[in-house]
Amino acid sequence: MSRRFRPVRLAWSALQGFSVEGMTVMETTAEATGTDICVAPPEREQRRPDGRDNYTISEVVAFTGLTAHTLRWYERIGLMPHIDRSHTGQRRYSNRDLDWLGLVGKLRLTGMPVADMVRYAEMVRAGDHTYLERYELLEATRRDVRSRIAELQDTLAVLDRKIDFYGDAGRALASERS
């Protein structure tokens with residue numbers, strides 16, 4: 001599986017209280033990616049062994065396509081909840097952590113700024129009294145996504161017209177030559 005790396009714009013508020021000297025934020029995309037109801041279950045994936053609820057960082061890297069650096073960074077900025085550690089200090093991720101990462105991945109795909117994702121994570125950890133604020137944040141994100149979808153549909157219509165034009169013109173040229 002090949003990977004592409006590209007710089008990601010990061011809102012300053014996502015890093016409040018953290019040193020950013022020498023830190024480069026990179027987004028990684030893989031090419032071929034008590035129950036909290038705010039965490040989306042995995043999408044029909046059979047990647048996790050049945051009956052397991054304890055994963056190393058390298059296993060999570062394999063499951064998610066994220067880098068170990070990204071997972072550590074998510075924890076450092078507060079996007080991930082506290083990750084349990086083994087007796088040797090190694091991170092141990094649970095199924096709930098993997099579900100949360102699945103939701104974070106979807107939020108990334110919406111174009112939600114990292115600062116808003118961190119704010120959302122903080123609201124989830126704060127409890128039920130933040131439902132209204134979570135609703136408003138997700139509703140605003142949905143409006144943005146719908147707007148982008150409409151923009152992409154308009155772009156697709158332009159491409160379709162051009163493709164039809166060139167297809168018709170190519171067939172006309174071919175029939176003139178025969």
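H4 crosses H5 with left-handed geometry in this predicted model. The two helices, H4 and H5 (residues 131-177), pack at about 155°, and their axes are 10 Å apart. An angle over 145 degrees counts as roughly antiparallel, so H4 is roughly antiparallel to H5. On the H4 side the contact involves Asp 116, Arg 119, Tyr 120, Met 123 and Val 124. On the H5 side, Glu 133, Arg 134, Leu 137 and Leu 138 take part. Sorted by class, the contact of H4 with H5 has five nonpolar and four charged residues, with no polar ones.

H5 also contains an annotated segment. The unreviewed UniProt entry carries the annotation "coiled-coil region" for residues 135-162. In the model, residues 135-162 are 100% helix and 0% strand. The C-alpha atoms at the two ends of residues 135-162 are 40 Å apart.

H4 (residues 114-126) has a further partner in H3 (residues 95-110). The axes of H3 and H4 come within 11 Å and cross at roughly 145°. Here the crossing is right-handed. H3 contributes Trp 100, Leu 103, Val 104, Leu 107 and Arg 108 to the contact. These residues meet Met 117, Tyr 120, Ala 121 and Val 124 of H4. The contact of H3 with H4 comprises eight nonpolar residues and one charged residue, and no polar residue.

A third pair is formed by H1 (residues 57-64) and H2 (residues 68-77), which pack at about 105° with axes 9 Å apart. Since 65 to 115 degrees counts as roughly perpendicular, H1 and H2 are roughly perpendicular to each other. Ile 57, Val 60 and Val 61 of H1 make the contact with Ala 68, Leu 71 and Arg 72 of H2. By class, the residues in the contact of H1 with H2 are five nonpolar, one charged and no polar.

The packing values for the helix pairs are listed below.

| Helix pair | Angle | Axis distance |
|---|---|---|
| H1 and H2 | about 105° | 9 Å |
| H3 and H4 | roughly 145° | within 11 Å |
| H4 and H5 | about 155° | 10 Å |

Confidence is as follows. The chain has a mean pLDDT of 80, and 71% of its residues reach 70 or more. Residues 1-38 have pLDDT below 50, and this stretch has 60 contacts in the model beyond near neighbours in sequence. Where pLDDT is low, predicted coordinates should not be read in detail.

Key: Residues are numbered from 1 along each chain as its sequence is written. This is a predicted model: local features need pLDDT of at least 70, side-chain atom pairs count only at pLDDT 80 or more; totals for chains, interfaces and linings use all residues. Side-chain values use heavy atoms; hydrogens and water are left out. pLDDT is the predictor's confidence in each residue, from 0 to 100. Contact means heavy atoms within 4.5 Å. Axes are lines fitted to C-alpha atoms, for helices over the stretch in contact, and angles run from 0 to 180 degrees between N-to-C directions. Helices (H or I, at least four residues) and strands (E, at least two) are DSSP runs, numbered from the N terminus. Angles under 35 degrees count as roughly parallel, over 145 as roughly antiparallel, 65 to 115 as roughly perpendicular and the rest as oblique. Ala, Val, Leu, Ile, Met, Phe, Trp, Tyr, Cys and Pro count as nonpolar, Asp, Glu, Lys and Arg as charged, and the others, Gly among them, as polar. A crossing is left-handed if the near helix is turned anticlockwise from the far one by less than a right angle, and right-handed if clockwise. UniProt positions are given in the numbering used here, feature names are shortened, and annotations may be inferred rather than shown by experiment.
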